[in-house]
Amino acid sequence: NPLAQASAAFIPVGRLTHRGAPVTVRCLMPPVPAPPANGKRAPVILVSGTSAEAGKSTFASKLIKALAKTGKRVGAVKATGTGGCLDTREYLAAGATAAFDQVDGGLPTTYTAPAVYAEAAAAPFGLCDAAGVDIIVAELGGDVIWANNATLLAGAEGTTGEVMGRVAAIFLIANDSLAALGAHRWLEGVMGEERTARLLVHVCCPFRNHTGALRRSETLGLP
């Protein structure tokens, strides 16, 4: 790879430490603000997908824009994945009052041990609460299986229960109807049938034939 050959050479010599402990992104983050004095925590709308590039960021931005037009102060979170600066900039451009990602919670990526992610999961949402938002739109990176999305959706570890306890809806953007069916059944296994039926809303990928997708979804019995 010519680009790789032209990259700057480096030699790892060790890890940075501070007072005997390794320096991590998380230890450099300021403490998450305490919940508002009135105890108000904004409801959360999750935007998920059956793959990367399914249209999640596009949908999330349009949802933020629509909610902001009603006068709501909208918080936005890129809850899982790796990095998220481009996404948070897109959310702010769409009208979000405040936007944070997993890096603001101290994690450069959520592709890590479930317990590590679960401990930091609620941090970006707490930052939105401190900003005084009325509602939070949170995008899950990649598909619903990876990046510890399953850890969050199960709501059983660390601070994930705090997040899932205020989720009002989960939009699932699918590339095709069979992907939607498979994701629906998988989510039933993760969240339970009752919670899946109550929260999950199927959305056709914005880059697909919506009429054909609707016919196929009806044939498969998708809600």
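Start with one pair of residues in this predicted model: Val44 has Val167 of strand 7 as its bridge partner. That link belongs to a longer run. Strand 3, residues 44–49, is joined to strand 7 by 6 bridges, and the two run parallel.

Now look to strand 8, residues 200–204. Strand 7 pairs with strand 8 as well, over 5 bridges and again in the parallel sense. Two partnerships can be picked out here. Ile170 is matched with Leu200 of strand 8, and Phe171 with Val201 of strand 8.

How enclosed is strand 7? Of its 8 residues, 167–174, 7 are buried, so the rest of the structure largely encloses this strand. Buried here means under 20% relative accessible area.

Step back to the whole sheet. The sheet is open and has 6 strands, in the order 5-4-6-3-7-8, with parallel pairing. Its edges are strand 5, residues 98–101, and strand 8; each has a single partner strand, so one side of each lacks a neighbour in the sheet. From one strand to the next, the twist averages 20°. In general, the strands of a sheet pair through backbone hydrogen bonds.

Helices come next. Helix 4, residues 85–94, packs on the sheet and touches strand 4 (74–78), strand 5 and strand 6 (135–139). The direction of helix 4 makes about 165° with that of strand 5. Helix 6, residues 123–130, also packs on the sheet. Strand 3, strand 4, strand 5 and strand 6 are touched by helix 6. The direction of helix 6 makes about 165° with that of strand 4.

Technical notes. Residues numbered from 1 in each chain as written. Predicted model: local features only at pLDDT ≥ 70, side-chain atom pairs only at ≥ 80, totals over all residues. Heavy atoms only, no water. Buried < 20%, exposed > 50% of the residue type's maximum accessible area, 1.4 Å probe, protein only. Helix = DSSP H or I, 4+ residues; strand = E, 2+ residues; numbered from the N terminus. Pairing = 2+ DSSP bridges. Axes fitted to C-alpha atoms, helices over the stretch in contact; angles between N-to-C directions. Contact = heavy atoms within 4.5 Å.
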